Amino acid sequence: MSHEGIRIVSEEEARKGAAEEKLSPDAVAPAKVRVKKSEGTGVEIDWRDGHKSAWSFRWLRDACPCATCHEEREAAGRKPGEAKPKPQALLAMYAEPPKPVEVTPVGKYALKFKWNDGHEAGIYSWEYLRRVCDCDECRAVRT
Ligand SMILES: [Zn+2]
Ligand SMILES: [Zn+2]
């Protein structure tokens, strides 16, 4: 008997898999999206299933779903939204807080941010945003 095709999944992957099966169409369909660009605060989404999500722009920048940022996070063991540790030398320097200079819808399924640091590769789909919902309830399920 061959063991081909059997994949050992880590506990974390198994959890992710379980979470991925759970989302209903209403859970990934926004009823209302508020991008507080002029206030510089963040994004709020009310979902069709009644759930509400809110993220700061800093959090969203650190959760950029593009391949480069994703790989960087994986390599460093950071979760989406988790800030990079700052190198000591930079502590004294003023770094402008992340905020978008441009927010554009991508079809009906995503938002694209052009950040003030010039990065704009991330496409934040509704599904991705719902999966990384930063409310207490969702955070508790993920950890
Ligand atoms: Zn990115
Ligand atoms: Zn939530």
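In this predicted model, the zinc ion (ligand 2) is held by four protein donors: His51 (NE2), Cys133 (SG), Cys135 (SG) and Cys138 (SG), at 2.0 to 2.3 Å from the ion. The site of this zinc ion (ligand 2) is tetrahedral, with angles of 102 to 117° among its 4 donor atoms. Along the chain, the donors of the zinc ion (ligand 2) are spaced as H-x81-C-x1-C-x2-C.

Two of the cysteine donors, Cys133 and Cys138, are listed below with Cys64.

| Residue | Relative accessible area | Class |
|---|---|---|
| Cys64 | 0% | buried |
| Cys133 | 0% | buried |
| Cys138 | 15% | buried |

Cys138 counts as buried because its relative accessibility is 15%, and the cut-off for buried is under 20%. A search of the whole structure for disulfides returns 0.

The largest nonpolar core has 19 residues. Within this core, the members that touch the most others are Val43, Ile45, Trp55, Leu60, Phe113, Tyr124 and Leu129. At least two residues of the core come from each of β2 (42-47), α2 (57-62), β5 (110-115) and α4 (126-131). In soluble globular proteins, nonpolar side chains tend to be buried together.

Which residues does Tyr124 contact, leaving aside its neighbours within four places in sequence? The contacts of Tyr124 are Leu60, Arg61, Ala63, Cys64, Pro65, Tyr109, Ala110, Leu111, Phe113, Trp115 and Leu129. Among these, Leu60, Phe113 and Leu129 are also named with Tyr124 as core members that touch the most others. Cys64, another contact of Tyr124, is buried at 0% relative accessible area.

Key:
Residues numbered from 1 in each chain as written. Chains lettered and ligands numbered in written order. Predicted model: local features only at pLDDT ≥ 70, side-chain atom pairs only at ≥ 80, totals over all residues. Heavy atoms only, no water. Disulfide = S-S within 2.5 Å. Buried < 20%, exposed > 50% of the residue type's maximum accessible area, 1.4 Å probe, protein only. Core = buried A, V, L, I, M, F, W, Y, C linked by side-chain atoms within 4.5 Å. Helix = DSSP H or I, 4+ residues; strand = E, 2+ residues; numbered from the N terminus. Contact = heavy atoms within 4.5 Å. Donors = N, O, S within 2.8 Å, 3.2 Å for Na, K, Ca; no water. Tetrahedral: all angles 85-135°; square planar, octahedral: opposite > 155°, others 65-115°.
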